[in-house]
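Welcome! Open your viewer, switch to a cartoon view, and keep the selection tool handy for a short tour.

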Amino acid sequence: MDVSQPYTAICPTLDSEVLAVLAGTTRPLTGREVARLTGRTSHRGVAEVLTRLVEHGLVQRQEAGRALLFTLNREHLAAPAVEVLAGMRAELIRRIRDLVSAWKMEATHVSIFGSTARGDGGTQSDIDLFVVRPDAVSDDDPQWRKQLDDLAESIERWTGNRASIAETAGSEIERLLKQDRSIVAELRTDAISVSGADISALLDSE
Amino acid sequence: MTARAATRTQACSEQEAKTRLAHARKFLEVAELVANQGDDLEYSSAAAALAVLAGIAASDAACCKALGRRSRGQDHRAALELVEQVEPGGGNASKALRRLLTLKDEAHYGLFDVSGADLKTALRQARTLVDFGAGVLNR
């Protein structure tokens, strides 16, 4: 799936982007506000989509002075489907968090980084994970390796994207900080912590 | 229908949402550090003040991302109305923010001596809001 816009797996048009914006708020928005929140510079395409969605009853339109305001009609039969589509990225993070929290051999830290964390990937993007192994666990421990393999396979089944796991031991973080500044910079800027210490606290403690 | 309080809000971008969330995380991190320094009233009051700042910054982040607007300056009611409009979870976030802002209001009357129990509550509300803000940015 496109990790920046997972809903395009089902609806690969501007409609899904507009619906994802409207699903994110109960605040009535102008067409221009919807366009800005989708990241579009052109308002015309968004206006056409809104008109069509109003015809289907999935979006409600009201007048406020000279402006037209739009909201998602959350009582529409299709509204729950829209909410599921709009929440796919959050659902991916929740599933990863749930799976990692059930590990018998607890990780010191797990985070998502790279394009998935930044929200700018595509269908070919790997889903990058940073995993810190406790020093007491050997890197070839069968139970530990199975956990990582299961995580990678699950992510691929959930998304169609390959999971790429960068793994290090707790005692190697200091060396990583000195040697691989690009991954450290990415971790500091964008990583989403899913288990263990917050990423910035972990990096700053070294 | 919720009233649009346009004059009490200002436009903001997704980049600002990321910046405000980074602020919120740092405020909360420092709040927790200070809270662990000791039981002195000065420490707990300073930690609570930072927790309030964390909550406000996290709410701003969520609003910038979902609504493209955040509240202006000191207008608490606008801030509560706005964050309540974020879906899903805006209702709970608004309640957490309301409790933090009550603490902040008390500070204006020189009542910002925060007990251990109040500090724990403030840190919990701030954590709720930081997690909420992160969740909105991760949608």
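Here is something to puzzle over before we start: is the crossing of H2(B) and H5(B) left-handed or right-handed? Keep in mind as you look that this is a predicted model.

**Stop 1: two helices in chain B**

Select residues 41-67 of chain B, which form H2(B), and then add residues 116-137 of chain B, the helix H5(B). Two packed helices are described by the angle between their axes and the distance between the axes. For this pair, the axes come within 8 Å and cross at roughly 20°. Angles under 35 degrees count as roughly parallel, so H2(B) is roughly parallel to H5(B). Now for the puzzle: the crossing of H2(B) and H5(B) is left-handed. Try colouring the residues where H2(B) and H5(B) touch by class: you should find 18 nonpolar, 6 polar and 2 charged ones.

**Stop 2: the whole of chain B**

Zoom out and select all of chain B. How many helices and strands does chain B have? There are 5 helices and 2 strands. If you follow the chain along its sequence, they come in the pattern β-α-α-β-α-α-α. Of the 139 residues in chain B, 48% are buried. Contacts in chain B often link distant parts of the sequence: among those with a separation of 6 or more, 70% are between residues 24 or more positions apart.

**Stop 3: where the chains meet**

Show both chains and look at the contact between them. Chain A brings 18 residues to this contact, and chain B brings 13. On the chain B side, H1(B), residues 14-35, and H2(B) each supply at least two of the residues that touch chain A. That side of chain B has 3 nonpolar, 5 polar and 5 charged residues.

**Stop 4: the whole of chain A**

Now hide chain B. Chain A has 10 helices and 7 strands, and its C-alpha atoms fill a box of roughly 65 × 30 × 25 Å along the principal axes. Buried residues make up 36% of the 206 residues in chain A. For contacts in chain A with a separation of 6 or more, 63% are between residues 24 or more positions apart.

**Stop 5: a sheet of three strands**

Select residues 29-30 and 59-64 of chain A, which are E1(A) and E2(A), together with residues 67-72, which are E3(A). In what order do the strands of this open sheet lie? The order is E1-E3-E2, with antiparallel pairing. E1(A) and E2(A) stand at the edges with a single partner strand each, so one side of each has no neighbour in the sheet.

Zoom in on E2(A) and E3(A), which are joined by 6 bridges. A:Val59 stands opposite A:Leu72, and A:Ala64 has A:Ala67 as its bridge partner. The two strands form a hairpin with 2 residues between them. Click on A:Gly65 in the turn: this residue has a positive phi of about 65°.

**Stop 6: a covered helix**

Finish with residues 14-23 of chain A, the helix H1(A). How many of its 10 residues are buried? The count is 8, so to find them select A:Ser16, A:Glu17, A:Val18, A:Leu19, A:Ala20, A:Val21, A:Leu22 and A:Ala23. To see what covers these buried residues, show the surrounding elements, including H2(A) (31-38), H3(A) (44-55), E2(A), E3(A) and H4(A) (79-86).

Key. Residues are numbered from 1 along each chain as its sequence is written. Chains are lettered from A and ligands numbered from 1 in the order in which they are written. This is a predicted model: local features need pLDDT of at least 70, side-chain atom pairs count only at pLDDT 80 or more; totals for chains, interfaces and linings use all residues. Helices (H or I, at least four residues) and strands (E, at least two) are DSSP runs, numbered from the N terminus. A residue is buried if 20 or more other C-beta atoms lie within 10 Å of its own, exposed if 12 or fewer, and partly exposed in between; C-beta atoms are placed from the backbone. Two residues are in contact if their C-beta atoms, placed from the backbone, lie within 7 Å. Ala, Val, Leu, Ile, Met, Phe, Trp, Tyr, Cys and Pro count as nonpolar, Asp, Glu, Lys and Arg as charged, and the others, Gly among them, as polar. Two strands pair if DSSP finds at least two bridges between them. Axes are lines fitted to C-alpha atoms, for helices over the stretch in contact, and angles run from 0 to 180 degrees between N-to-C directions. Angles under 35 degrees count as roughly parallel, over 145 as roughly antiparallel, 65 to 115 as roughly perpendicular and the rest as oblique. A crossing is left-handed if the near helix is turned anticlockwise from the far one by less than a right angle, and right-handed if clockwise.
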